[in-house]
Structure formats: structure tokens, C-alpha cells
Amino acid sequence: MTQTDGDRQHKVRSRTASRVAAVQALFQIEQGSESPERVINQFMRHRLGTSASDQCDYAEGHVPDADARLFGIVVRGAMARQDRIDALLHDILPASWPLARLDPVLRAIMHAAGGEMTGADPVPARVIINEYMDIAHGFLAGDEPRMLNGVLDALSRRISEPAAPVTDAASEAISETVAVADDAPVTDAPPGSKPA
């Protein structure tokens, strides 16, 4: 049995939707100080396409095409390895722009991507970066997506070569973007909201 183009496109949409839901769940876990399993269960029952409300859409807070299995893997992986991910991000981000100062949606995206990159059987880094860059453009405006690209690129290199210092063009791009974004207001926009 061969896979049609429509089947492949649905699988890609399903994986992207899973990652969008994972970012939303990680945001909710951080902002609401809720347990990861409780949030995962809420999403599985009420927000993912596996629920009885498959006719709902993103505007209503649902993620209709999400692959529940991938969603769970991303959220659990990000939470299980958050200390390691945060340590790596701390080393990558300039001292003038600490992780705690970042927009919480941006942090959630970094944690989700880092959770996937540090997993036992990670998807290729370029795929992860592209996926989360697409998601970032849906949630963030201004220079934050450009900064995210540099951070995720440096993070993927750090993970694949732990002993290698981050002293390349990606690190410089992060610093330049941070300098520009330093004057930008820090927002607490919830996932799902669109930039103005």
C-alpha cells in the first residue's frame, strides 16, 4: 500500500498541530503552575482532535489535527529534561537577556524544541527548527522569531557536540537580535493569540 500526497500532508499537519498544542500546554504548565500530567490529560480530553469535539478549530482553543502521541512525547520530554534544556539555553543566551526575561511563549517554544532535540530518538534538528520557526511566526512578532532561529541552531549544535562552545555566527546573531529586542516590551500573550 502506497502513501498518497494527501496522506503525507495530513501527517505533516498533524505533527505541526501536535507541536502547536505542546507549546500551548507548556505555556499553561508554566503560567498556571499545574502538573504536566494534569495539563496533558486536559488537552487530550478537551482540546486535541481526539475528543468528541473534532469539529472545533484553533480559534476556539482546540487543535483538531493534532497527533496525541507526539503531543505527549513533546510535553513530557520538555518537562523531564527542562533543567538540562535551561542550562543549555543559559549558556547560549547573552547574560543581558536571561531565560526568565523572555516572553513566556518564546520560552515554551524553546522548551518544546529542546525537549525534542534532547530526546532518545530525535527528529533531525533542521526539521525541528523549521517546525518551531513556523509556530513562532504564528505567535510572535518583531525580532523574536529571528532570535529563536539563532538560539535553536546553537542549541542543536550544543546537543550534538556538547563540548563545542557556542562562538559562531549564530551566537553573534542572537546578541544582535537581543540588543534590538532589548527595547521591545515583554508581553504575556497567551498561546493562540495573534500578533497585532
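This passage describes the fold, helix packing, nonpolar core and salt bridges of a predicted model.

The chain comprises eight helices and zero strands, so that reading along the sequence gives the pattern α-α-α-α-α-α-α-α. Of the 196 residues in the chain, 44% are buried. When contacts between residues at least 6 apart in sequence are considered, 68% of them join residues at least 24 apart.

Two helix pairs illustrate the packing. Such pairs are described by the angle between the two axes and the distance between them. For α2 and α3, the angle is about 165 degrees and the axes are 11 Å apart. An angle over 145 degrees counts as roughly antiparallel, and α2 and α3 are therefore roughly antiparallel to each other. The crossing of α3 by α2 is right-handed. On the α2 side, the residues that meet α3 are Pro-36, Glu-37, Ile-40, Phe-43 and Met-44; their counterparts in α3 are Ala-68, Phe-71, Val-75, Arg-76 and Met-79.

The second pair consists of α5 and α7, which pack at an angle of about 25 degrees with their axes 11 Å apart. Because this angle is under 35 degrees, α5 and α7 are roughly parallel to each other. Their crossing is right-handed. Helix α5 contributes Leu-106, Ile-109, Met-110, Ala-113, Gly-114 and Met-117 to the contact, while α7 contributes Glu-144, Met-147, Leu-148, Val-151, Leu-152, Leu-155, Ser-156 and Ile-159. Within this interface, Val-151 of helix α7 has a relative accessibility of 0% and counts as buried. The C-alpha atoms of Val-151 and Met-110 are 8.2 Å apart in space, although the two residues are separated by 41 residues in sequence.

Nonpolar side chains in soluble globular proteins tend to be buried together. In the present model, the largest nonpolar core has 51 residues, and the residues with the most contacts inside this core are Phe-71, Ile-109 and Tyr-132. Two or more core residues are supplied by each of α1, α2 (36-47), α3 (68-80), α4, α5, α6 (125-139) and α7. The largest share, nine residues, comes from α1. Two of the residues with the most contacts in the core also take part in the helix pairs described above: Phe-71 is among the α3 residues that meet α2, and Ile-109 is among the α5 residues in contact with α7. Beyond its neighbours within four places in sequence, Ile-109 is in contact with Val-23, Tyr-132, Ile-135, Ala-136, Phe-139, Leu-140 and Leu-148.

Side chains of opposite charge can pair when their charged atoms come close. The structure holds seven salt bridges. One of these joins Glu-116 and Arg-19, with the closest N and O atoms 2.6 Å apart. Glu-116 belongs to helix α5 (residues 104-117) and Arg-19 to helix α1 (residues 5-32), so the pair ties together parts that are 97 residues apart in sequence. Both partners fall under the 20% limit for burial: Glu-116 is buried at a relative accessible area of 9%, and Arg-19 is buried at 2%.

A further salt bridge is formed by Asp-91 and Arg-158, the closest N and O atoms being 3.5 Å apart. This pair also links distant parts of the chain, with Asp-91 in helix α4 (residues 82-92) and Arg-158 in helix α7 (residues 144-160), 67 residues apart. The partners fall into separate accessibility classes, since Asp-91 is partly exposed with a relative accessible area of 47%, whereas Arg-158 counts as buried at 13%.

A salt bridge within a single helix is found between Asp-153 and Arg-157, with an N to O distance of 2.0 Å. Both residues lie in helix α7, four residues apart, or about one turn of the helix. Asp-153, at 24% relative accessibility, counts as partly exposed, and Arg-157 is likewise partly exposed, with a relative accessible area of 35%. Salt bridges that share partners also join Arg-19, Glu-116 and Glu-131 into one network.

Definitions and conventions
Residues are numbered from 1 along each chain as its sequence is written. This is a predicted model: local features need pLDDT of at least 70, side-chain atom pairs count only at pLDDT 80 or more; totals for chains, interfaces and linings use all residues. Side-chain values use heavy atoms; hydrogens and water are left out. A salt bridge is a side-chain nitrogen of Lys or Arg within 4 Å of a carboxyl oxygen of Asp or Glu. Buried means under 20% relative accessible area, exposed over 50%, partly exposed in between (1.4 Å probe, protein chains only). A nonpolar core is a set of buried Ala, Val, Leu, Ile, Met, Phe, Trp, Tyr and Cys residues joined through side-chain atoms within 4.5 Å. Contact means heavy atoms within 4.5 Å. Axes are lines fitted to C-alpha atoms, for helices over the stretch in contact, and angles run from 0 to 180 degrees between N-to-C directions. Angles under 35 degrees count as roughly parallel, over 145 as roughly antiparallel, 65 to 115 as roughly perpendicular and the rest as oblique. A crossing is left-handed if the near helix is turned anticlockwise from the far one by less than a right angle, and right-handed if clockwise.
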